[in-house]
Structures are given as structure tokens and as C-alpha cells.
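Me: I am new to this structure and should like to be guided through it by questions and answers. Please present it first.

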Protein chains: 2
Amino acid sequence: MNMPNPIEFYFDFASPYGYFGATRISAIAAKHGRKVAWKPILLGVVFKVTGMAPLPTLPLKGDYSVRDMQRVSRLWKIPFNLPSKFPIPGQAPSRIVYWLESQHPEKQEAAILALYHTYFVEDRDISAPEVAADVVSSLGIDRNALLAATQDQAMKDRLRQEVDAAIAKGVFGSPFVVVDGEPFWGSDRLEHVERWLATGGW
Amino acid sequence: MNMPNPIEFYFDFASPYGYFGATRISAIAAKHGRKVAWKPILLGVVFKVTGMAPLPTLPLKGDYSVRDMQRVSRLWKIPFNLPSKFPIPGQAPSRIVYWLESQHPEKQEAAILALYHTYFVEDRDISAPEVAADVVSSLGIDRNALLAATQDQAMKDRLRQEVDAAIAKGVFGSPFVVVDGEPFWGSDRLEHVERWLATGGW
């Protein structure tokens, strides 16, 4: 019997809806016998292709989106504060996630959620390699190895390749979920992801 | 006892998600004892303020959005084709809707749904006053009066005022729903609208 494809979960570490989606995706996947392939990307690079910009910077839509984020956080009971420094570049935590994929795959999800929590609840700047390494080392991983991963040329290349591959696939936002080739954008499409997994599509 | 506020439903006649939302909003409103205040707007004017652009024209996001529209149409069983001429200017059908508000309020919703159907199912260009008047006259309204409404200075002014007022309120997309001052953007937020109506907010 073949293993079903993992669910690809694309996200940016500065994305509030990426954070909301990350807290829910693995339960959705597990319910349908799927794993999650965690794919941190850099929306700043993507936005150069699409001409888009970070949500809170947009006229009208920016104010609304902050209100919507707070409303979603209350509805789903996921703690959330708009960080004082926003957005931030995601290179350091993203490289750590790809390094964990080969070195400590069983800790990848916990590391992602801890990093998101540090940024969106504790308002600490996880773009700093020292902060990102501190957070993930609390899961029992060597801090120096984590720091090294943030500067590792192989991880720099990997992240760049993943961002390019994501754009080539049509990924333009965060979170962005791909199930057996079918794309779903936004945390408010997780209900469609669930239904797609349950039914095989419509 | 005071009547509860109507639900304000802002929409553009060239908006696929506005069409999807329009087919559902009055049932949601009625379930909670509310009326719908129908508010056609012109996204082209709004986009000048926000720097946004019609969905299908955007790199990556455009292709995705067409796929998502088709997927939503199948899921909700609402017939939909991306029109061959897209987007179109909504002045003529929008002025008719504001004219109906005072002249035939009981036919406003049926007229909106018929106009949307003509554009998104029959692929006929409802931006032409003759086409819009034909469609709405089939509901038993005088065709010449409808044609006159599309050129009526009072209706031109009303539409312009409504668009300005919508922007001043923070409306930036279609559909956009306001419940007792609380804003909800997008057809995928109708579940939140329902919950807000049921609970009074969270």
C-alpha cells in the first residue's frame, strides 16, 4: 500500500494567518491519515512577483485585516497580538525549520509553533538568529547547532530553492495548502481542505 | 420594540464572490430577523484608494482565484462561468438597484439575482443599459422607467454618494457585510456573519 501524499503547508513566519493555520493543520492532516510537509517561505520575495504587499500596510484593507485577525484569534481561542515590529524577515527561523527536517523531523512542528508563539504572543523578534535558536533549543536541541543552521550555506540555498519552487507552483500567500496538487489559499480555506481530504474533491 | 438594524451588503456587479454571497445573504439575514440593505458599489473607484486591482488580473493570485471561484461554485451548487468580458463597469445595474429601493423595494433582491445570473451564467453584458433593463423588466417593471433610471441624475448622484460613503466606512472589497457596525469581508466570512448574528459577537 502506498503512503498518501503529505499535505504541503506553505507559510511565512511573519504571517498572522499562517500562524493561525499552523496551529490547526496537523490535526486536520492526521484525521485523514496524512503527514504535513512544512514549507516556510518568504512572502517578501513572493510579493515582488505578484506586486502584493504586507496586509497591515494596505489602505482600508490593512485596518480591517488587523480587526479580522483579532476576531479570528478570539473565535478560535488562539492567543494573538500584532507584534510591535511587523513584518519581520523570516530567514533565520525558516532555515532552522529546513535543518530540523533532516536532523530532528519529530520536533519540526513543535519548533514552528514555539517560534510563532514567541513572535505573535510574546512579541519577541524571531528574525534574530539568537532568539530563534533560544526558542528551539528549549525543545532539547543543541543551541550552537541551531545558530549554525541559520548561517549554513546549504540551508540558505534550500530556502531560496523552496521559495522559487513555491512561486513556480503558484503559491502567492500564507498559509497556502496543497493537497494532491489542489491549491487552497488562506486559513479560511481549511474547511475546504478538510472536505477535500474527506471526499477526494468535488 | 425597535426593529433590528438591516444587514448592509456591499457588492460590485462584476464580482464573482459578490454574486456567490448575494445568493445566500437574505436567507442568513431572515434566519435572524434581519432585512438586507443592498448596496451596489463600484470597485474600480475603491481600487483607486486601495491600490488594489481586479482579482483575475493579478499574477499567480489571478489563476488561483478563478480556480477557487469554480470550486466554490461546485461546492455551493451555484452555476458560474467567468464571463468573456470581465470585469465590466457596474453603473447601469447599480443605478437600477437604487431606483428600485424607492420604487419597487420588494423586487430589489430578485432584480439583483437576475442581473448576476445574466452576467455570470448567461455571459451577457449587463453593463449595457438595454440589457440591464431587459433583465429587470422581466420581473414586471416598466422597461422605459428602468432605462431612464440608468441615466437619472439623482441615481448617478446616489451611486456616487454610496461609493464614497462605503469607502469612508472602510469597505474595500466585494462582498462586504456590515452587521451593527461590525465589518466582514468576503463570501468566506458569511459563516462569521451567521455566528455574529446568532451570538451578538465574541
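The questions and answers below treat the chains, a helix, a pocket and several single residues.

Me: What kind of model is this, and how are residues and chains labelled?

Reply: This is a predicted model, in which local features need pLDDT of at least 70, side-chain atom pairs count only at pLDDT 80 or more, and totals for chains, interfaces and linings use all residues. Side-chain values use heavy atoms, with hydrogens and water left out; residues are numbered from 1 along each chain as its sequence is written, and chains are lettered from A and ligands numbered from 1 in the order in which they are written.

Me: What relation holds between chain A and chain B?

Reply: Two copies of a chain are related by a rotation about an axis and a shift along it. Here a rotation of 180 degrees with 0.0 Å of shift along its axis superposes chain A on chain B, with an RMSD of 0.0 Å (least squares on the C-alpha atoms of residues with pLDDT of at least 70 in both copies). This is therefore the relation of a two-fold axis.

Me: Which residue of chain A comes closest to the rotation axis?

Reply: The same surface serves both copies, since 100% of the contact residues of chain A recur in chain B (contact means heavy atoms within 4.5 Å). At 3.4 Å from the axis, by its C-alpha, the closest residue of chain A is A:Asp188.

Me: On which side or sides of α9(A) do the buried residues lie?

Reply: Helices are DSSP runs of H or I with at least four residues, strands are runs of E with at least two, and both are numbered from the N terminus. In α9 of chain A, residues 190-199, the buried residues are A:Leu190, A:His192, A:Val193, A:Trp196 and A:Leu197 (buried means under 20% relative accessible area, exposed over 50%, partly exposed in between, with a 1.4 Å probe and protein chains only). Because they cover an arc of only 155 degrees around the axis (taken from the directions from the helix axis to the C-beta atoms), they lie on the same side of α9(A).

Me: Which element of chain B helps to cover the buried residues of α9(A)?

Reply: From chain A, the cover includes β1 (7-11), α1 (16-31), β3 (176-179) and β4 (182-185). From chain B, it includes α3 (61-76).

Me: Is A:Arg189 buried or exposed?

Reply: A:Arg189 is found in the loop between β4 and α9 of chain A. Leaving aside neighbours within four places in sequence, A:Arg189 is in contact with A:Phe184, B:Tyr17, B:Tyr64, B:Asp68, B:Arg71, B:Val72 and B:Asp188. At 5% relative accessibility, A:Arg189 counts as buried.

Me: How many charged residues are in the lining of the second largest pocket?

Reply: The lining has 18 residues, of which A:Asp188, A:Glu191, B:Asp188, B:Glu191 and B:His192 lie nearest the centre of the pocket. α3 and α9 of chain A together with α3 and α9 of chain B each supply at least two lining residues. Counting Ala, Val, Leu, Ile, Met, Phe, Trp, Tyr, Cys and Pro as nonpolar, Asp, Glu, Lys and Arg as charged, and the others, Gly among them, as polar, the lining divides into 5 nonpolar, 4 polar and, as charged residues, 9.

Me: Which residue does B:Phe86 join through a cis peptide bond?

Reply: Most residues other than glycine have a negative phi, and most peptide bonds are trans. The bond from B:Phe86 is cis, with omega about -10 degrees. Its partner, in the loop between α3 and α4 (91-103) of chain B, is B:Pro87.

Me: What is the phi of B:Leu60?

Reply: B:Leu60 is found in the loop between α2 (43-50) and α3 of chain B, and at 21% relative accessibility counts as partly exposed. Its phi is positive in a residue other than glycine, near 60 degrees.

Me: What is the relative accessible area of B:Val136?

Reply: B:Val136 lies in helix α6 of chain B. Leaving aside neighbours within four places in sequence, B:Val136 is in contact with B:Ile96, B:Leu100, B:Ala111, B:Leu115, B:Ile141 and B:Leu146. B:Val136 is buried, with a relative accessible area of 0%.

Key
On a 1 Å grid over the protein atoms alone, a cavity is a set of points where a 1.4 Å probe fits but cannot get out, and a pocket is an open set with protein on both sides within 12 Å along at least five of seven lines; lining residues have an atom within 4 Å of a point.
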